[in-house]
Amino acid sequence: MGYRMVDTRQNYVGGEWVAASTGDTVDVTDPANPSDVVNTYQQSSAADAADAVDAAAAAADEWEATPAPQRGDVLRRAGDILADRKEELTELLTAEEGKTHAEAGGEVQRAIDIFHYYAGKTRDMGGDVKSASGTGTNLYTVDEPVGVVSLITPWNYPIAIPAWKMAPALAAGNAVVIKPASVAPGPAHAIVEALDEAGIADGAVNLVTGPGSEVGTELATHDRVDAVSFTGSSQVGNTVYEQATDDQKRVQMEMGGKNPTLVMDSADVADAADIVAGGAFGVTGQACTATSRAIVHEDVYDDFVDAIVERAESIEIGPGNEYEMGPQVSESELEGTLEYIDIAADEGAELAAGGSQPTGDRFGDGYYVEPTVFTDVDRDMRIAQEEVFGPVLAVISVSSYEEALEVCNDVEYGLAASIVSNDHSEINRFTRDVEAGVVKINEATTGLELHVPFGGFKNSSSETWREQGDAGLDFYTISKTVYENY
């Protein structure tokens with residue numbers, strides 16, 4: 001049995017759980033069984049978001065004045081509370097977002113690890129001492145929090161992404177307002193519950209659920225917000241960027257991807273197929289780093305196609321708490337994927353695997369689609385250029401490394417890219433030549449350790465600040481240079 005709470009969850013503002021001023025709520029249902037309501041959340045307004053920003057602004061000085069190691073203690077306790085609730089939160093994530101139990105459990109653990117990581121980092125905060133040019137001067141920097149930060153997070157990693165935004169922001173001494181995606185807000189709620197139980201100062205963290213057009217816009221434009229961090233689609237991200245930078249807020253955007261894996265003639269085809277299948281069909285393809293293009297050398301193309309089709313057809317689909325691949329998160333996401341499948345067929349790509357909604361008792365009205373492989377894809381087709389955000393792979397044939405690289409970079413995105421090759425010269429060239437923020441060698445495009453920078457190039461990112469690790473703290477702090485003469 002999966003997670004079934006069916007509760008009305010409130011906003012968290014100024015240290016209290018409160019209902020939205022609208023009096024409206026919205027149900028979140030299980031994508032594996034859309035008639036099953038998991039939880040009910042507040043359908044908040046711009047006024048509710050403004051109240052949360054005001055609460056954060058009122059708390060900012062107190063939280064900044066809290067010694068960094070004490071802030072770290074709060075984060076550590078929150079991580080411990082999440083760890084105690086890991087199984088419950090794994091089931092919640094599967095119920096609201098649709099991930100498999102293994103995928104959801106890994107994501108919850110990542111959130112736990114992120115809070116513990118930044119709890120430890122608080123002891124190294126403060127600034128740097130520099131050497132002055134003359135005697136009688138102490139020269140140093142002081143790192144200070146930016147102030148009030150708005151965090152707008154997506155549904156596809158509903159606990160990991162809120163964690164990797166909230167934890168460094170709070171560690172650095174900022175007051176936070178978060179708007180999780182309306183499709184799966186429960187895991188972000190759980191983080192705030194853990195912070196509340198851990199004893200965070202009232203108003204240092206605030207959460208408001210509701211539509212982006214109301215809540216998100218207010219969080220991006222409110223004059224008391226100093227910085228905005230957004231993860232989501234490029235279309236929405238570009239709008240948020242324009243809204244937030246009108247008054248010169250500090251802004252960080254991480255957006256879409258059209259991530260390739262190059263399979264070169266020196267590659268082991270079976271290994272390459274395993275790598276690509278994991279990147280393309282893991283988390284139902286609903287990752288900004290998902291492998292959506294396999295760019296394959298013609299000498300191994302036919303063998304690779306046979307292998308990747310075999311992998312796709314062997315995946316067992318069904319409810320995430322029982323099967324290898326779960327549903328898409330919503331009806332609109334499913335419809336978007338099916339539309340791209342139709343577009344690919346209309347443009348002349350060859351459907352080699354999947355392409356349909358599975359039928360049978362276990363699927364019911366769930367938002368399922370088969371792992372899908374298109375071959376004979378031309379680099380200019382929409383299936384090769386546009387983000388699908390579902391388990392759909394476009395396989396493109398090339399005759400050389402130079403052609404593979406050209407196809408690889410010939411998209412508007414640049415988030416993640418990988419190469420499967422045993423030619424070290426080719427690998428070294430790829431790391432230099434590829435236009436991507438994350439480069440993988442003989443590994444899937446998906447997945448990143450929490451202590452290294454994450455971000456993209458081109459339309460995948462604002463290319464301002466990176467997330468995670470030390471880079472994650474940089475966005476949430478501003479340096480003051482001090483000359484102390486004596």
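Two strands count as paired here if DSSP finds at least two bridges between them. Strands (E, at least two residues) and helices (H or I, at least four) are DSSP runs, numbered from the N terminus. You're looking at a predicted model, where local features need pLDDT of at least 70, side-chain atom pairs count only at pLDDT 80 or more, and totals for chains, interfaces and linings use all residues. Residues are numbered from 1 along each chain as its sequence is written, and side-chain values use heavy atoms, with hydrogens and water left out.

**Stop 1: a mixed sheet**

Select Val26 and Tyr41: Val26 sits opposite Tyr41, which belongs to β5. Now widen the selection to β4 and β5 (33–42), an antiparallel pair joined by six bridges. Add β1 and you have an open, three-stranded sheet with mixed pairing, ordered β1-β5-β4. β1 (8–9) and β4 (25–30) are its edge strands, each pairing on one side only.

Next, pick residues 86–97. That's helix α3, lying across β4 and β5 at about 110° to β5. Axes here are lines fitted to C-alpha atoms, for helices over the stretch in contact (heavy atoms within 4.5 Å), and angles run from 0 to 180 degrees between N-to-C directions.

**Stop 2: the domain interface**

Colour 11–255 plus 461–485 as domain 1, and 260–441 as domain 2; the bounds come from an automatic or database domain assignment. The contact between them takes 19 residues from domain 1 and 25 from domain 2. Their C-alpha centres are 31 Å apart.

Together the two domains bury about 1,600 Å², 61% of it on carbon and sulfur atoms. Buried area is the accessible area (1.4 Å probe) that two parts lose on being put together, summed over both. Show Pro31, Ala32 and Trp155: in domain 1 these lose the most area to domain 2, together 28% of what that side buries.

How many salt bridges are there between domain 1 and domain 2? Zero, with a salt bridge being a side-chain nitrogen of Lys or Arg within 4 Å of a carboxyl oxygen of Asp or Glu. On the domain 1 side, α3 and α4 (101–121) each supply at least two of the residues touching domain 2. The largest share, three residues, comes from α3.

**Stop 3: an antiparallel sheet**

Finish with β6, β7 and β22, an open sheet in that order with antiparallel pairing. β6 (129–130) and β22 (477–485) are at the edges with a single partner strand each, so one side of each has no neighbour in the sheet. Nine bridges link β7 (137–145) to β22. Zoom in on Asn138, which stands opposite Glu484 in β22.
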